[in-house]
Every structure is written in C-alpha cells, then in structure tokens.
Amino acid sequence: GPNPTPKEPLLGFNRIDPVLDETFDWMAVPEGYNAQVFFSWGDPVVAGAPSMLESTQHTAADQEKQAGQNHDGMHYFPIDGSSEHGLLVMNHEYINQWSLHPAGDTLVNGVRPQEEVLKELAAHGVSVLEVKKNGKDWSIVSDSKYGRRIHGQTKMMITGPAAGTDALKTVADPEGRTVYGTYNNCAMGYTPWGTYLACEENFQGYFGNKDETDFESRREHKRYGIGTKNRYDWDTVMERFDATPKANLDHQGYVNEPNRFGWVVEIDPFDPKSDPVKRTAMGRLVRECATPSVMDDGKMAFYMGDDSRGEYIYKFVPKGTYDPKKSSKENGALLDEGTLYVAVFYEDGTGEWAALEHGKNGLTALNGFRDQADIVINARSAADHVGATPMDRPEWVAIHPESKDVYVTLTNNSRRGNGDARQTVNAANPREANLHGHIVKIAEANNRADAVSFEWDIFLMAGDPSAENETLKGDIKGDIFSSPDGLYFDQDGRLWIQTDYSDSSDNNVNFGLNQMLASDPETKEVRRFFVGPKGCEVTGITKTPDGTSMFINVQHPKLHFPDRSGKNPPRSSTILIQKDDGGIVGA
Ligand code: FEO
Ligand code: CA
Ligand code: CA
Ligand code: CA
C-alpha cells in the first residue's frame, strides 16, 4: 500500500533472566508488568460454593462446586466482544491424591473409600467462570448463572459416526450415546460460535482390562496404552472403570467404556444447562488440543496433536461452513460431519494430509476397517495404515492470525532413534534422543485451512546453542528453554511459548525453572517473559481481544505456591498478567 507506517517491533518488553534458584516460590515478569494469582484449586466456581481454604472440611460435594486441580488449557470468551467482561473456561487436567486427601489416599480391604473416589472425580474436568474488569482489577462474578463445574461424573452426549454403534455400548448405556465424565483435559480449542473444546488426553490410565489375552487382541485398548491395571483403583467402587469383558453381561459389561474417552468434548459455556457433547468425527486420540483455523469464507480446520512418543498430528475439516446467523447448537453439528486427516511429512519439506476416510487410502473392510465408526474409534491404527509420520510428542498447535501458518510443539522424545522401527530419525524429527523438543511450522497450500498438501520447516530446535553435546544443542535465537508445550498466537501475531520440563534434571539446569517466552515469527527471536515457581509447568494461555489482559496457568507448583505462609498445600493457579500502564501485553 502507499506509505505504510513503519511497524513497531513485535516484542517490546525487556527480557528477564532464567531463574536458577531452586527455592524460588513466586513468579518473575519483565519490568513494567505485574502478575497476580487470580483463581486457584479449591476456589468457588458455582454460585454459593464454599472456598476450600475457608471450610474446615473439603468434601467431594464441595469439590464439585470448586476449582479442580491442575489448571491447564483455557480460553476467554468475550461477552458482546468485551475485553472487560467474559467467560473464562479452563481444564483441570489431573489430580494429586496427596494434596486432595490430607491424610493420603487409601485402599481399605482392597476397596477405595467412596468419598475419596468421588472427590477425585470432582477435581477433574472443566471450570466455567464469569469474569469482569473494573478499572484495572479483574474479579470473578461469584453469583453468576454461568458458574459451572463439569467433572468426572457429568452427563455427556456422544455424536458423530461412532455414536450408537456397538463399540460404544455398555451394559449401562445400551444406546451407546450417553457417557459420564471427562478426564485428563489438557489443552483445548474453541469454535467461532462460542463453544469450548476440552480435549481428553491421557484417559487410558483410568481403565483396565484384566484379561490379558483379550487385551492383546483388542486394538482399541492396546494401541491406546490402556493397561491391565487402573491408575486410581476407581474400578473397586465403580464398575464402569473395569474394562475386563464380562460374558454374562450385555455388551460384555464395560469392555467398551474406554472407547467412550479420547474425544473432543464440546461445551457451550453460555448455556449452563447444556450437556457437553463428545464429537466422534474428530477421532479418538490421546489428544492434546483442537486448535481452530477459520477462513473468511467460513471453511475451517481443527488441528490436533496426539501427545505420546511417536504419535501423529491430525486435523479435522468440517464439511460445512460456519454461519454466524445459526445457533451454537446448529453450528455444533458441523463437528459431526467432515474429514479427519493425518499429517505425512516428506524429507523434501513438503507434506500431505492423508484422509482417514472409509474406502480411501486403503482404509477398507479388507484391511480391517469396517466403517467410519471403526476408523474414528481406532484413529491411531488408521493413521498407522496410511503412513503418517511419527512425531516427537505433538502438544499444542497455534495458528498465525494472518497467514494461517500452523505451528506445532513437539515437546521431546527421549526414544527417538533408539532402535524402535516406528521412531527412527526423520527430517521433521531430526534429533536422536530429543530431550529438548522443537517447533515445526506448516504452511498450508494457498494458506487454506482445508488444504490437503503443505510445506513445512523447523521453526526452532529447543536447547542451549552453546551446549557441547550435539544432541542437546539447540538453535534458539535469544533466550533458551527446553520442552515447548503450550503455544499461542496473540492478536498481533506474537508467538507465546510455554515450557514443561523437569526443573530438577541435570540436562535442564541452564534453562532454570519453567517459563513462558515470546517469539517474533519473522525474525525468530525468542525473549523470556515469565518464570514460574519451582516445580511447576507453565500451561494454558488466553488474552482479552484487546490484548491488554493475559491469563496463564501455573500447573503443579511445589513449595507452597501461592500461599507463602506455608499453611496450605501448593495449588495450581490461574495468573493474570497486565502491563502497569494498561497497554498490550508483550508489545
Ligand atoms: Fe497434558 Fe500433553 O500435556
Ligand atoms: Ca501439555
Ligand atoms: Ca503436564
Ligand atoms: Ca507436557
């Protein structure tokens, strides 16, 4: 255009140093910024709920109305476009039994006490909060009609190609369309029609199939890492967690219960009475995220990482287009019909999206894929069959707001190149024993979310460029880190990178404690912006539309964060970050 005004540099803040102090129990931000604890485990969510810290007893019934543990992916939904009033929705990924039960978790004569199990179920799931800004101060509306906890026993519907098929039926649900609970909601997505997409990540540990012969033959268990034991022994009080086939029961009891997890769960935060919906067309994965890319013409894609070693990157392209005039329920049906693709990376920097569609790419009955329901339930096996590229643990995906380029964190993969035939070194995962991870950039053909081919390159290899050991060396321009996990583009196209590594490992000493950095996607400069307390990972990130308020999560802190008095156990917390002068965070 004529006389473009010179652009301000994208990163406008002063970098901060890594924090190497193992006793650091707070947060560091650049000069001119402030970070405050906004919402922690045990805080009230549902109107009238007690606060965990104020009640002498923190019961399962209380926990069902309070913030769960281990805050993770999160999204701010503006009300009428406002940057001062909206709904903040977040995942509570997993639990810490030692802090949930003051006296520790117990097994009495081989059975878990019911109250403990109910509390554990209640501490999982999703919180919906109404939040409001008054002057510079944000608060949670305590009597909001939107305040809601979705947890390990919340009723949910199942839709899409797998709904109602035999593989989703149990003795308790002969229709195969109703399920209770969601677990290990890690990262997330959202839709242009204002719904939240909670993603079910490591669900496999909650179920056990004790019949080892049956287990070996059942790919929908074995390929997902479901074992013969239950992580928390919930099966000792709730039969549905026992996935051992029972010949005397309809649908063999609960052998299919694990098939009802691993999905995208659509939640309408603006309709507190609505049932969450598990959208099976989007495939069953150990899914990190479902990041939207929406085009001006209403076509869209949801990008998804399957976070296990050597698993794949997927996208789901709805057949229809988003129509702002339709209700969220009508638009929601877009998630029931479309094409699930998996990424194939070629050595020459090109790649393609292989459709996991019945009858295509060899996904036929002859090759063991009965129909589309069978494919979505066994999406990993279908992806194996079409030659998808095994990646170094795909975590978050972020979409550049203008170019629609797709950035994916590959957090790390110590087993890359260790002799496992599925995990040999390849161009997109070039580092043997990849302890520090990397970020891959995918440029879709014609910048279209519904493209079937792409070009790719490595945005950066994490690690310290000055490391002597070649396999630990990175190529970061600027501040160093390991194990990128959370990833987010803000409204101006700043790329925010959040880390999740062991801050007690010798390999990570130079990086200090876990952190958040910002990067300019053009120059690739990386600048450290935030460091969290000892023991935490930094995860979950969202901003108000004007970019002046940022919310992030500090997950699994140690020491006593955020209660420095030492009276309370450490609690995962949402952190509000603002610039002292009210400006755009990062600018
Ligand atoms: Fe829950 Fe993939 O981190
Ligand atoms: Ca993660
Ligand atoms: Ca984690
Ligand atoms: Ca992680």
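What share of the contacts in the chain with a separation of 6 or more is accounted for by residues 24 or more positions apart? The share is 61%, and the legends below introduce the predicted model in which these contacts occur.

**Figure 1. Overview of the predicted chain.** The chain contains eight helices and 29 strands. Its C-alpha atoms fill a box of roughly 70 × 60 × 55 Å along the principal axes. For 587 residues, a compact globule would have a radius of gyration near 25 Å; the chain has 23 Å, and the two values therefore agree. Of the 587 residues, 54% count as buried. The average pLDDT of the chain is 97, and 99% of the residues score at least 70. For the complex, the predictor gives an ipTM of 0.93 and a pTM of 0.98. Where pLDDT is low, predicted coordinates should not be read in detail.

**Figure 2. An open sheet of five strands with mixed pairing.** The strands follow the order E22-E26-E25-E24-E23. At the edges lie strand E22, residues 477–478, and strand E23, residues 484–489, each of which pairs on one side only. Strands of a sheet pair through backbone hydrogen bonds, in either the parallel or the antiparallel sense. E22 and E26 run parallel and are joined by two bridges; within this pair, Lys477 stands opposite Glu525 of E26. At the other edge, E23 and strand E24, residues 495–499, run antiparallel and are joined by four bridges. Leu487 has Ile497 of E24 as its bridge partner.

**Figure 3. The hairpin of E25 and E26.** Strand E25 spans residues 515–519, and strand E26 spans residues 525–531. The two strands pair in the antiparallel sense over five bridges, one of which involves Leu517 and its partner Arg528 in E26. Five residues lie between the strands of the hairpin. Lys524 is located in this loop between E25 and E26, and its phi is near 65°, a positive value in a residue other than glycine. Is Lys524 buried, exposed or partly exposed? Lys524 is partly exposed, because 15 other C-beta atoms lie within 10 Å, a count between the limits of 12 or fewer for exposed and 20 or more for buried. Strand E26, by contrast, is largely enclosed by the rest of the structure, because six of its seven residues are buried.

**Figure 4. Surroundings of Leu513 in the loop between E24 and E25.** Leu513 is buried, because 25 other C-beta atoms lie within 10 Å and the cut-off for a buried residue is 20 or more. Which residues does Leu513 touch, not counting those up to four places away in sequence? They are Val19, Phe24, Asp503, Val531, Gly532 and Lys534. Of these contacts, Val531 belongs to strand E26, which covers residues 525–531. Asp268 stands 245 residues from Leu513 along the chain, and the C-alpha atoms of the two residues are separated by 36 Å.

**Figure 5. Helix H3 and the loop that precedes it.** Helix H3 comprises residues 114–122 and is largely enclosed by the rest of the structure, because seven of its nine residues are buried. The buried residues are Glu116, Val117, Leu118, Lys119, Glu120, Leu121 and Ala122. Their cover includes helix H1, residues 60–63, and helix H2, residues 97–100. Asn109 is found in the loop between H2 and H3. Asn109 is exposed, because 5 other C-beta atoms lie within 10 Å, and the limit for an exposed residue is 12 or fewer. The phi of Asn109 is positive, about 50°, although this residue is not a glycine.

**Figure 6. A cis peptide bond at Pro562.** The peptide bond from Phe561 to Pro562 is cis, with omega near 0°. Where in the chain does Pro562 have its place? Pro562 lies in the loop between strand E28, residues 549–555, and strand E29, residues 573–579.

Methods: Residues numbered from 1 in each chain as written. Chains lettered and ligands numbered in written order. Predicted model: local features only at pLDDT ≥ 70, side-chain atom pairs only at ≥ 80, totals over all residues. Pairing = 2+ DSSP bridges. Contact = placed C-beta atoms within 7 Å. Rg over C-alpha atoms; globule rule 2.2 N^0.38 Å. pLDDT = per-residue confidence, 0-100.
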